[in-house]
Amino acid sequence: MHIENAKLTLYISHSTSLKDKRQVSRSIIDKIRQKFNCSAAEVDTQDVHQTLTIGIAVVSGDYAHARQSLDTIIRFVEENADAEITKIERD
């Protein structure tokens, strides 16, 4: 069993409240969960209006598949999120 994970930090320029941030976070996390068979959740910076931190984990029997899946998810977030990725941390 191979586990790949990443922590993405996104900047939401138009967010002026936690409600605005929650709309963006729910949208992107729901899209990730529906499109990919992985775990995704907001893991940090819950009280910061314009910063969203999402943790993503992929489990696979094959290392290459897990790595490729995580790369695909990160590209998906870059292309579909209503925010800009400012930092990517991978283990």
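A residue is called buried when its relative accessible area is under 20% and exposed when that value is over 50%, with partly exposed in between; the views below all show a predicted model.

**View 1. Burial and overall dimensions of the chain.** Buried residues account for 36% of the 91 residues in the chain, while the accessible surface amounts to about 5500 Å², 44% of which belongs to carbon and sulfur atoms. The C-alpha trace spans about 40 × 20 × 15 Å along its principal axes. The radius of gyration of 13 Å agrees with what a compact globule would have, because the value expected for 91 residues is near 12 Å. Between the mean position of the 12 positive charges and that of the 14 negative charges the distance is 4 Å.

**View 2. Order of the helices and strands.** Two helices and four strands make up the secondary structure of the chain, and, read from the N terminus, these elements follow one another as β-α-β-β-α-β. Of the contacts with a separation of 6 or more, 68% join residues that are 24 or more positions apart.

**View 3. The hairpin of strands S2 and S3.** Strand S2, residues 39-44, pairs with strand S3, residues 51-60, in the antiparallel sense, and the pairing extends over five bridges. Within this arrangement serine 39 is placed opposite alanine 57 of S3. Six residues lie between the two strands of the hairpin, and in the turn threonine 45 adopts a positive phi of about 55 degrees.

**View 4. Threonine 9 in strand S1.** Threonine 9 belongs to strand S1, which covers residues 2-11. With a relative accessible area of 13%, threonine 9 falls under the 20% limit and is therefore classed as buried. When residues up to four places away in sequence are left aside, the residues that threonine 9 touches are Thr51, Leu52 and Thr53, together with Glu84, Ile85, Thr86 and Lys87. Of these partners, Thr51, Leu52 and Thr53 lie within the residue range of strand S3, whereas Glu84, Ile85, Thr86 and Lys87 lie within that of strand S4 (84-90).

**View 5. Aspartate 82 in the loop before strand S4.** The loop between helix H2 (63-80) and strand S4 (84-90) contains aspartate 82. Because its relative accessibility is 52%, aspartate 82 counts as exposed. Even so, aspartate 82 touches Ile12, His14 and Val24, residues up to four places away in sequence not being counted. For the pair formed with histidine 14, a sequence separation of 68 residues goes together with a C-alpha to C-alpha distance of 9.1 Å.

Key:
Residues are numbered from 1 along each chain as its sequence is written. This is a predicted model: local features need pLDDT of at least 70, side-chain atom pairs count only at pLDDT 80 or more; totals for chains, interfaces and linings use all residues. Side-chain values use heavy atoms; hydrogens and water are left out. The radius of gyration is taken over C-alpha atoms; the globule rule is 2.2 Å times the number of residues to the power 0.38. Buried means under 20% relative accessible area, exposed over 50%, partly exposed in between (1.4 Å probe, protein chains only). Contact means heavy atoms within 4.5 Å. Accessible areas come from the Shrake-Rupley method with a 1.4 Å probe; for residues, only the protein chains shown count as cover. Lys and Arg count as positive and Asp and Glu as negative; His and the chain ends are not counted. The place of a charge is taken as NZ of Lys, CZ of Arg, CG of Asp or CD of Glu. Two strands pair if DSSP finds at least two bridges between them.
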